[in-house]
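Visitor: I would like to go through this model with you, one question at a time. Please give the reasoning before each result.

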Amino acid sequence: MAKTTKNKVVIQKKKSVLFIASEANPFAGTGGLADVIGSLPKALAKSGEFDVRVVIPLYKDFSSLYRDKLRFVGNFNVPLSWRNQYCGVFEYDYEGVKFYFLDNEFYFLRDGLYGFYDDGERFAFFSKASLDLMRYLDFYPDIVHAHDWQSALSVIYLKTKYRYEYGYDKIKTMFTIHNIEYQGKYGKEVLGDVVGLDDGCYADLEYDNCINLLKGAMVLSDVVSTVSPTYAEEIKYDFFSHGLSPIVNAVSYKTVGILNGIDQTVYNPELDDRTFAKYTANDLSGKAVCKKELQKMLGLPEKENVPIIAMISRLVGHKGVDLLKCVIDELLCEKVQLVILGKGEKQYEEFFKKVQDEYNTKCRTIIAYNKDLSSKIYSGADIFLMPSKSEPCGLSQMIAAKYGTVPVVRKTGGLADSITPYNLDRKGGNGFRFDNYNAHEMLYVLKDAVFTYGDKETWNKLVKTAMDTDFSWKKSATEYEKVYNKLL
Ligand code: GLC
């Protein structure tokens with residue numbers, strides 16, 4: 001930015017932020033983190049205050065739509081303890097944000113993003129390479145914004161090994177926890193042999209006699225954040241913290257909770273090409289088409305007035321599937337249809353497949369992760385169930401609301417911060433909410449939603465309120481900017 005004072009032109013450099021993360025849509029992703037890294041930088045770039053860039057690994061599972069479009073920048077070597085590893089750099093400009101992709105086939109040319117015996121080493125390499133990239137490009141950002149345990153080491157290296165190095169010494173750090181369950185825990189020997197840090201760093205990284213990367217980044221980062229204000233409070237307690245509550249409490253003085261948004265241009269029934277018909281909050285006729293076609297496609301009876309309850313979720317314990325399991329027979333006694341889409345633990349997959357066999361005219365279980373089908377279900381269903389035991393933020397409840405599929409959620413984390421309960425005062429509200437992790441409490445509220453669905457006028461108002469809720473990134477991006485500016 002150029003400013004003219006009396007006789008001279010002063011060039012003001014834009015402040016810069018480098019996001020370091022393990023996944024980003026639309027390039028490579030497995031969950032909500034990819035959505036955030038694909039959309040928050042874009043929202044920040046739009047406001048124009050920061051030069052925002054992102055770095056992620058170049059995986060084998062990289063979107064084929066983009067692979068050929070990447071530009072090769074060059075390569076350098078990354079020393080990692082006794083290793084010396086190749087790192088190729090590719091770049092791509094995507095909607096106002098520069099993305100860098102780090103290539104090393106030994107670490108990343110594998111099927112899948114995570115779950116390998118050497119994930120610790122893979123992401124130590126990635127974190128260190130992301131810092132060495134700065135020297136290679138001669139681009140030292142004002143702020144490093146790292147996400148989850150996979151990039152925790154970038155914060156840790158910055159505050160230890162790189163602390164007094166030219167260019168790195170002034171960089172401020174923000175570390176965001178998307179889910180405290182995943183911490184990056186390793187044996188002590190990893191510190192020297194893999195991470196390449198000396199014993200002096202042990203105290204910062206040690207927790208419960210292990211190396212805990214999440215803990216290290218929480219302690220060393222200038223600011224810690226979580227993806228909703230409620231989750232930031234919840235993880236102070238053992239029930240939510242997966243063992244880390246003492247650390248959460250110790251760093252609470254520098255912790256903020258900022259609710260995620262969603263990309264409302266992507267999750268929009270007016271624009272979505274994957275749905276059977278398009279619609280808006282003011283004209284829901286398309287939604288009725290979506291419902292009929294969904295029932296037809298799934299081989300469910302085409303009944304206009306029977307509500308479809310949908311659950312699109314990973315089938316794992318913390319998503320609250322046990323609650324549904326517990327009251328499934330009572331729920332399916334009602335005049336409802338149930339559609340479940342997701343993959344996860346075998347026990348749940350098997351259970352819900354059996355439910356489909358038993359209640360063939362009422363339930364469909366699709367074991368898959370399928371974006372096309374997700375859109376068809378979000379748009380065709382009436383009620384969206386998300387009874388999570390814990391939920392740092394959650395995106396599906398916001399997406400469902402945008403498609404006019406009224407969310408029924410448990411009051412936890414981001415679900416509590418994004419869904420206001422109609423069932424409490426029967427006036428405002430964009431969904432239904434229950435408090436306790438209790439199957440019959442959930443069933444009671446679900447039945448209330450089914451009952452309310454019978455009153456078309458009230459229901460349509462609720463659908464409209466849900467669709468009109470502002471879940472855009474704009475508000476959150478402003479909050480991140482405030483934190484960045486405070487840091488600088
Ligand atoms: C993690 C959390 C989820 C959150 C997402 C993006 O996947 O489990 O609640 O929405 O990260 O921050």
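Visitor: With which residue does Lys278 form a salt bridge, and how far apart are the closest N and O atoms?

Guide: Bear in mind throughout that this is a predicted model. Side chains of opposite charge can pair when their charged atoms come close. For Lys278 the partner in the salt bridge is Asp273, and the closest N and O atoms are separated by 3.0 Å.

Visitor: Is Asp273 buried or exposed?

Guide: The cut-off for calling a residue exposed is a relative accessible area over 50%. Asp273 is exposed because its relative accessible area is 66%. Its partner Lys278 has 43% relative accessibility and therefore counts as partly exposed. The class asked for, that of Asp273, is exposed.

Visitor: How many salt bridges does a search of the whole structure find?

Guide: The pair of Lys278 and Asp273 is one salt bridge, and the side chains of Lys98 and Asp93 meet in another, at 3.0 Å from N to O. For the structure as a whole, the search gives a total of 30.

Visitor: In which helix do Asp372 and Lys376 both lie?

Guide: The side chains of Asp372 and Lys376 meet in a salt bridge with an N to O distance of 3.1 Å. Along the chain they are four residues apart, about one turn of the helix, and the element that holds both, residues 371-380, is helix H15.

Visitor: Is Lys376 buried or exposed?

Guide: Asp372, at 35% relative accessibility, counts as partly exposed. A residue counts as buried when its relative accessible area is under 20%, and Lys376 is at 11%, so the class of Lys376 is buried.

Visitor: Which residues are joined into one network by salt bridges that share partners?

Guide: One link to start from is the salt bridge between Lys98 and Asp93, in which Asp93, at 42% relative accessibility, counts as partly exposed. Through salt bridges that share partners, the network joins Arg71, Glu91, Asp93 and Lys98.

Visitor: Which helices each supply at least two residues of the negative patch?

Guide: The negative surface patch is formed by Asp329, Glu330, Asp357 and Glu358. Among them, Asp329 is found in helix H13, and at 40% relative accessibility it counts as partly exposed. The helices that each supply at least two residues of this patch are H13 (321-332) and H14 (346-358).

Visitor: What accessible area do the residues of the nonpolar surface patch have together?

Guide: The nonpolar patch on the surface is formed by Phe276, Val289 and Met297. Of these, Val289 is found in helix H12, which covers residues 285-298, and it counts as partly exposed at 37% relative accessibility. Together, the accessible area of the three residues in the patch is about 230 Å².

Visitor: Which two residues are joined by a cis peptide bond, and what is omega there?

Guide: Most residues other than glycine have a negative phi, and most peptide bonds are trans. The proline concerned, Pro26, lies in the loop between strand S3 (15-20) and helix H1 (32-47). The cis bond joins Asn25 and Pro26, with omega at about 5 degrees.

Visitor: Asp138 and Asp148 are not glycines; what positive phi does Asp148 have?

Guide: Asp138, in the loop between helix H4 (119-137) and strand S8 (143-147), has a positive phi of about 50 degrees and is exposed, with a relative accessible area of 59%. Asp148 is found in the loop between S8 and helix H5 (152-159), and at 9% relative accessibility it counts as buried. The positive phi of Asp148 is about 60 degrees.

Visitor: What radius of gyration does the protein chain have?

Guide: The chain has 21 helices and 20 strands, and buried residues make up 59% of its 488 residues. Its C-alpha atoms fill a box of roughly 65 × 60 × 45 Å along the principal axes. A compact globule with 488 residues would have a radius of gyration near 23 Å, which agrees with the value for the protein chain, 24 Å.

Note on methods:
Residues numbered from 1 in each chain as written. Predicted model: local features only at pLDDT ≥ 70, side-chain atom pairs only at ≥ 80, totals over all residues. Heavy atoms only, no water. Patch = residues over 30% accessible without salt bridge, like charges linked within 9 Å, V, L, I, M, F, W, Y side chains within 5 Å. Areas by Shrake-Rupley, 256 points an atom, 1.4 Å probe, with all protein chains shown as cover. Salt bridge = Lys/Arg side-chain N within 4 Å of Asp/Glu carboxyl O. Lys, Arg positive; Asp, Glu negative; His and termini not counted. Charge placed at Lys NZ, Arg CZ, Asp CG, Glu CD. Buried < 20%, exposed > 50% of the residue type's maximum accessible area, 1.4 Å probe, protein only. Rg over C-alpha atoms; globule rule 2.2 N^0.38 Å.
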